[in-house]
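Trainee: Could you take one residue with me and look at its surroundings closely? After that, I'd like to see the rest of the fold.

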Amino acid sequence: MFEKVLIANRGEIALRIHRACREMGIRTVAVHSTADNNAMHVRLADESVCIGPPPARESYLNIPAILSAAAITGADAIHPGLGFLAENAEFAQIVGEHDLVFIGPSPEHIRLMGDKVAAKRTAQELGIPVVPGGQAVTDLDQARAEAERVDFPILIKAAAGGGGRGMRVARDKAELALQFPVAQAEAQTFFGNGALYLERFLAKPRHIEVQILGDGQGSVVHLGGRDCSLQRKHQKLLEETPSPGLNMAERQRIYDLAAATMRKLGYKSAGTLEFLYQDGEFFFIEMNTRLQVEHPISEMITGIDVVREQIRIAAGAPLGYRQDDIKFSGHAIECRINAENPETFAPSPGVIQRYHAPGGMGVRVDSALYQGYTVPPHYDSLVAKLVVHGSTRNECLMRLRRALEEFVISGIETTIPLHQKLMASEAFLNGDYDIGWFERTFNGKT
Ligand code: ADP
């Protein structure tokens, strides 16, 4: 097992990884920008190294600085967390070349799934249904021909995209001509790669994803699914498991398919296959070759620590259990609490005046906040995850409502009031929502 792990990330996820390491008797090294001198993950880690100024490209994305920090501290492995370098195949490769272990999948698998066009092709070859479309298109003429084949309405997506950004809907040929160059320019700016592909735009799908763990030695299991349909601008707000929109047979079908596919691929580490579900059909959209923000809900219903498993697998340990050994129990929901105005979603960085996290049975809070801490303006606005477990969905909802009432974060604005409004929404309580529901009919209104 590793003796020392460097955590190449920040915020709640850095803390999450630190906790798993600590429970395994592994020492931790925090790396941080100058904006994060007083961050919780820096305070709790055994050692810390400042790797640059606030802008992420000069610190959390600064590969030479991170490798130097690993060398100076004598770390033997690097956990990339999520975002930043987590899906950077080159980084994973360089880490390996420096006699360090990358806690994640192989660079080949990261590269394969990072290219959306290649990922969809691979999924199809492995027997997973995909959304119609998915061919790379380089100019408007090609796009027109592809749109003809796929049929309108279509979604224009960036091949190197991520985080729900850079997608545009075109309902007809005229809109395609208008949106295509804009999407191309956006993809170039955001992702440094103007490559696009088109996909049939589904009207009211649910976003269903499956958590996978593979050891790269022939064993792959699933930890069930997650319904992430509660979204605003393609960004997830709340996730739950199991999905209230699927019956048992449908769930089992997609979980088993996802695990079987990853077994064929020989996948190693944690990963997530994302699908859209509509009218009884599943369509693969992408795979994330990393830990995800919403992983705790899967941990709550299975009792399996996903980060611990990632670390064990990276150290060469076999999974050591089979699918049948995993017992699923109850229902779990995660609320993403962002430092944002709950109505306009404008970022709200600043000093935390008062902080009180809820507790009690079935309640877990993953957050790096504390009283007196300053939320810096440079990074993602997620500041806390409230994760609740109950024996039934109803119990889970009652507990969540109670926990939200107890949660105090003052000094900045947060999306807690938005989640409270959600808990009062009939449609949400009935589990009756799709990926467009929030923006179409709810949007924070009661
Ligand atoms: P990203 O990598 O940017 O997150 P995804 O392909 O995972 O992009 O899609 C993100 C979200 O966009 C999905 O959760 C869903 O809400 C929406 N979406 C993606 N593809 C489609 C589609 N073909 N039709 C309708 N909505 C889609």
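Trainee: In which helix is the place of Glu186?

Mentor: Happy to. Glu186 sits in helix 8, which covers residues 173-191; helices (H or I, at least four residues) and strands (E, at least two) are DSSP runs, numbered from the N terminus. Before we go further, keep in mind that this is a predicted model, in which local features need pLDDT of at least 70 and side-chain atom pairs count only at pLDDT 80 or more, while totals for chains, interfaces and linings use all residues. Residues are numbered from 1 along each chain as its sequence is written, and side-chain values use heavy atoms, with hydrogens and water left out.

Back to your residue. Glu186 counts as partly exposed because its relative accessible area is 22%; on this scale buried means under 20% relative accessible area, exposed over 50%, and partly exposed in between (1.4 Å probe, protein chains only). Its contacts (heavy atoms within 4.5 Å) are with Gly166, Arg168 and Phe191, once neighbours within four places in sequence are left aside. Ala158 lies 28 residues away from Glu186 along the chain, and their C-alpha atoms are 8.6 Å apart. Ala158 also leads us to a cis bond: strand 7 (154-158) follows a loop that starts after helix 7 (140-150) and contains Pro153. The peptide bond from Phe152 to Pro153 is cis, with omega near -5°.

A second glutamate makes a good contrast. Glu299 belongs to helix 10, residues 295-302, and counts as buried because its relative accessibility is 7%. Not counting residues up to four places away in sequence, Glu299 touches Arg16, Ile304, Asp305, Val306, Val307 and Arg364.

Now to the interior. A nonpolar core here is a set of buried Ala, Val, Leu, Ile, Met, Phe, Trp, Tyr and Cys residues joined through side-chain atoms within 4.5 Å. The largest one has 36 residues, and Leu230, Leu386, Met423 and Phe428 have the most contacts inside it. Among the elements that each supply at least two residues are strand 12 (235-241), strand 15 (331-338), strand 20 (382-390) and helix 13 (416-422). Helix 12 contributes five residues, the most of any element. Phe428 shows how the pieces meet: beyond four places in sequence, its partners are Leu230, Leu238, Glu240, Arg393, Leu397, Leu422, Met423, Tyr433 and Trp437. A second, separate core has 29 residues, including Cys21, Ile103, Leu223 and Val306. That last residue, Val306, is also one of those that Glu299 touches.

The cysteines are worth a glance too. Zero disulfides are present, a disulfide being a pair of cysteine sulfur atoms within 2.5 Å. Cys335 is in none, and the nearest cysteine sulfur, that of Cys396, is 9.0 Å away. Cys335 has a relative accessible area of 0%, so it is buried. Cys21, from the second core, is buried as well, because its relative accessibility is 0%.

What about empty space? Rolling a probe the size of a water molecule over the atoms shows where it is left. On a 1 Å grid over the protein atoms alone, a cavity is a set of points where a 1.4 Å probe fits but cannot get out, and a pocket is an open set with protein on both sides within 12 Å along at least five of seven lines; lining residues have an atom within 4 Å of a point. The second largest pocket has about 320 Å³ of space; grid points are joined across faces, edges and corners, and a volume is the space filled by probe spheres set on the points. Its lining includes Val169, Phe201, His234, Ile435 and Arg440.

One of these, His234, lies in the loop between strand 11 (220-232) and strand 12. Its phi is near 65°, a positive value in a residue other than glycine, and His234 is partly exposed because its relative accessible area is 35%. At the other end of strand 12, the loop to helix 9 (248-265) holds Pro242, which is joined to Thr241 by a cis peptide bond with omega about -5°.

Finally, there is one cavity of 30 Å³ or more. Ile103, which we met in the second core, is one of the residues lining the largest cavity, along with His79, Phe102 and Gln310 among others.
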